[in-house]
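Here are some exercises to work through with the model open beside you. Try each task yourself, then compare your steps with the worked solution.

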Amino acid sequence: MKVILIGVQGSGKTTQATKLAKRLNLPMYTMSQLLKDAIAEDDVYVTTEFTLDDMRKGILAPTHITKYLYDKIKDESFVFEGYMRTEEQAKSLSTNSDVIVIELLLSKEEATKRMLSRQRDDDTIESIDRRLESFYSNINNIRNYIKVHQVDAIGDIEQVNNNMLYIIKAQGV
């Protein structure tokens, strides 16, 4: 089983992915951690074009790099967040019927509020605006290529997680 959580930054993807992975007894991956690990390991395919400084500035890794990192784990079962932010990435998954994609829905205003409250180095107004603009400009194209189940990210963490689990079970997995 492969579950991919997508959603605007601040929608709770990491929190929900961690909780869901425990409930499903699956490993949990984040694109952010895969990128940091590749940079720490000096993976030249990644480091020739992308750095930790880029991450701190809120710059998204190029699609061919994220696809390269995703391809390293794609044969496993997992819960994954932080992948599939572009139409090209969605196209690469469009024929993969064993992937369940869940989008955590959150307004731009609430996402900004949440990101500013978490006090991370890479959560500046400029980087937040850049990431939100990128997400909202790509999400409809992503939805055109793959089936995306939507869950409201506002509310109790446990209820949001239960809603995602219901979707997964409804898929017959």
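**Exercise 1. The second largest cavity**

How do the residues of the lining of the second largest cavity divide into nonpolar, polar and charged?

*Solution.* Before starting, note that this is a predicted model, in which local features need pLDDT of at least 70 and side-chain atom pairs count only at pLDDT 80 or more, while totals for chains, interfaces and linings use all residues. Residues are numbered from 1 along each chain as its sequence is written, and side-chain values use heavy atoms, with hydrogens and water left out.

Step 1: get the terms clear. On a 1 Å grid over the protein atoms alone, a cavity is a set of points where a 1.4 Å probe fits but cannot get out; a pocket is an open set with protein on both sides within 12 Å along at least five of seven lines; lining residues have an atom within 4 Å of a point.

Step 2: list the lining. Gly7, Gln9, Leu60, Arg85, Arg131, Ser134 and Phe135 line the second largest cavity.

Step 3: sort them. Ala, Val, Leu, Ile, Met, Phe, Trp, Tyr, Cys and Pro count as nonpolar, Asp, Glu, Lys and Arg as charged, and the others, Gly among them, as polar. The result is two nonpolar, three polar and two charged.

Step 4: add the setting. This cavity holds about 40 Å³ of space, where a volume is the space filled by probe spheres set on grid points joined across faces, edges and corners. H8 gives the most to its lining, with three residues.

**Exercise 2. The largest cavity**

Find the volume of the largest cavity and the elements that give two or more residues to its lining.

*Solution.* Step 1: the structure holds two cavities of 30 Å³ or more, and the largest has a volume of about 50 Å³.

Step 2: its lining includes Leu5, Ile6 and Gly7, and also Phe135, Ile139 and Ile142.

Step 3: the elements that give two or more residues are E1 and helix H8 (125–145). Helices (H or I, at least four residues) and strands (E, at least two) are DSSP runs, numbered from the N terminus.

Step 4: this lining divides into seven nonpolar, two polar and two charged residues.

**Exercise 3. The largest pocket**

Which residues lie nearest the centre of the largest pocket?

*Solution.* Step 1: the volume of this pocket is about 890 Å³.

Step 2: among its 34 lining residues, Ser32, Arg85, Arg120, Asp122 and Arg131 lie nearest the centre.

Step 3: H2 supplies the largest share of the lining, five residues.

Step 4: the lining divides into eight nonpolar, 15 polar and eleven charged residues.

**Exercise 4. Strands and their faces**

Work out how E3 is paired and where its side chains point.

*Solution.* Step 1: two strands pair if DSSP finds at least two bridges between them. Strand E1 (residues 2–7) runs parallel to E3 and is joined to it by four bridges; one bridge partner in E3 is Phe80, which matches Ile4.

Step 2: E2 and E3 also pair in the parallel sense, over three bridges, and Thr30 stands opposite Glu81 in E3.

Step 3: in a regular strand the side chains alternate between the two faces of the sheet. Phe78 and Phe80 point one way from E3, Val79 and Glu81 the other way, and all are buried, meaning under 20% relative accessible area (exposed is over 50%, partly exposed in between; 1.4 Å probe, protein chains only).

**Exercise 5. Aromatic pairs**

What kind of aromatic pair do Tyr29 and Phe78 form?

*Solution.* Step 1: rings of Phe, Tyr and Trp (its six-membered ring) pair if their centres lie within 6.5 Å; planes under 30 degrees apart count as stacked, over 60 as edge-to-face and the rest as tilted. This rule gives nine aromatic pairs.

Step 2: Tyr29 and Phe78 are 6.2 Å apart centre to centre, with 80 degrees between the planes, and form an edge-to-face pair.

Step 3: Tyr29 lies in strand E2 (residues 28–30) and Phe78 in strand E3 (residues 78–81), so the pair ties together parts that are 49 residues apart in sequence.

Step 4: Tyr29 and Phe80 have ring centres 6.3 Å apart and planes at 75 degrees, so this pair is edge-to-face.

Step 5: Tyr29, Tyr70, Phe78, Phe80 and Tyr83 form one aromatic cluster.
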